[in-house]
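Colleague: Got a minute to walk me through this one? I'd like to learn how to read it.

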Amino acid sequence: MFTDKTAIVTGGSRGIGAACAIKLAKEGADIAIFATSESAKAKETIDTITKLGRKAKLYVCDVSNMEAVTNCVNEVVKDFSHIDILINCAGVTRDKLLLQMSGDDIDAVIDTNLKGCMYVTKACVRPFMRQKSGKIVNIASVVGLMGNAGQTNYAASKAGVIGFTKSVAKEYAAKNITCNAIAPGFICTDMTAALNDDQVAAIKEGIPAKRFGEAGEVASLAAFLVSDAASYITGEVIKVDGGMYI
Ligand code: NAP
């Protein structure tokens, strides 16, 4: 499905991003991963993709640094000759009640989750326009739709990603560039591994499906949204949350 396509996946070293990168590679795409370091997990993901017979390269790129992002996207164009797909998945949490939240807690989450998504998208839109096509998926969160006590910084960043997605969709639809958001509920990754058993049980009770989702369940939707089958879908926000927020 993605033969001869190149995808940038930010946050592709592990979790949902790695699942998206591997899913696209299984369907023929070459993959450029942006992550903060050459971690063991990043190397493992690159190895998995290479073993599938696809080209894969890790770019150490802090998405909250606009200059670094511009340089890395230019490097990807040099290395792969074109970019066709962007999945913005890099994200962090710094959960606290607002009264306890430091300026750094607010900046770190907004800078990575929202500004990072904006910087990488901005850097990719020019190559997308040159080749008259591009597919963007931004990984938001149900929390950006419903709010969540203890996550004011994170919910604001994800609500921002949703507004950004809809605006990019309107700005570039006529250029054959689509931009959609996925809003996952609770997904089994390092991000949710910090929850204790009581928290997990209480959360599951509130999810109609009575379980957390798997990263692959988000990746399946991402792969559909960046496929030609979804060419007339843009500006959408689709939840993958087991019915948590209906
Ligand atoms: P994760 O396992 O913690 O992975 C986070 C990823 O983001 C890693 O690849 C990490 O790279 C990368 N990253 C963090 N800060 C970065 C930065 N400044 N520059 C570049 N890369 C950076 O998280 P996840 O659960 O897979 O989450 C992926 C996305 O889904 C996030 O945007 C998250 O907000 C969203 N989401 C997750 C859930 C959930 O329940 N898990 C629910 C809703 C939405 P390193 O490996 O180098 O640290």
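Colleague: How far does a polar side-chain atom of Arg14 lie from an oxygen atom of the ligand?

Modeller: Keep in mind that this is a predicted model. Arg14 is listed with Ser13, Thr36, Tyr154 and Thr189 as coming nearest, out of 29 residues around the ligand. From a polar atom in the side chain of Arg14 to a ligand oxygen, the distance is 2.7 Å.

Colleague: And which residue has a backbone N or O atom 3.1 Å from an oxygen atom of the ligand?

Modeller: Here you look at the backbone rather than a side chain. The 3.1 Å pair joins a ligand oxygen to a backbone N or O atom of Gly11.

Colleague: What about the side chain of Tyr154, how far is its N or O atom from an oxygen atom of the ligand?

Modeller: Tyr154 turns up twice, so to speak. It is one of the helix 6 residues that touch helix 4, and it is also among the residues that come nearest to the ligand. Its side-chain N or O atom sits from a ligand oxygen at 2.5 Å.

Colleague: Are helix 4 and helix 6 roughly parallel or roughly antiparallel?

Modeller: Look at residues 103-130 for helix 4 and 152-172 for helix 6: their axes are 8 Å apart, at an angle of about 15 degrees. Because angles under 35 degrees count this way, helix 4 is, relative to helix 6, roughly parallel.

Colleague: How many nonpolar residues are in the contact of helix 4 with helix 6?

Modeller: Helix 4 passes helix 6 in a right-handed crossing. Helix 4 brings residues including Ile106, Val109 and Leu114, and helix 6 brings Val161 and Phe164, among others. Sorted by class, that contact has two charged residues, five polar ones, and the nonpolar count is 14.

Colleague: How many charged residues does the contact of helix 1 with helix 2 have?

Modeller: Helix 1 (residues 15-26) and helix 2 (residues 40-51) have axes 9 Å apart, at about 10 degrees, and are therefore roughly parallel. Ala18, Ala21, Ile22 and Ala25 of helix 1 meet Thr45, Thr48 and Ile49 of helix 2. That gives five nonpolar and two polar residues, while the charged count is none.

Colleague: Is the crossing of helix 3 and helix 4 left-handed or right-handed?

Modeller: Their axes come within 9 Å and cross at roughly 35 degrees. As helix 3 passes helix 4, the crossing is right-handed.

Definitions and conventions: Residues numbered from 1 in each chain as written. Predicted model: local features only at pLDDT ≥ 70, side-chain atom pairs only at ≥ 80, totals over all residues. Heavy atoms only, no water. Axes fitted to C-alpha atoms, helices over the stretch in contact; angles between N-to-C directions. Helix = DSSP H or I, 4+ residues; strand = E, 2+ residues; numbered from the N terminus. Parallel < 35°, antiparallel > 145°, perpendicular 65-115°, else oblique. Left-handed = near helix turned anticlockwise from the far one by under 90°. Contact = heavy atoms within 4.5 Å. Nonpolar A, V, L, I, M, F, W, Y, C, P; charged D, E, K, R; others polar. Near = heavy atom within 4 Å. Polar contact = N/O pair within 3.5 Å; in protein donor to acceptor, adjacent residues only side chain to side chain.
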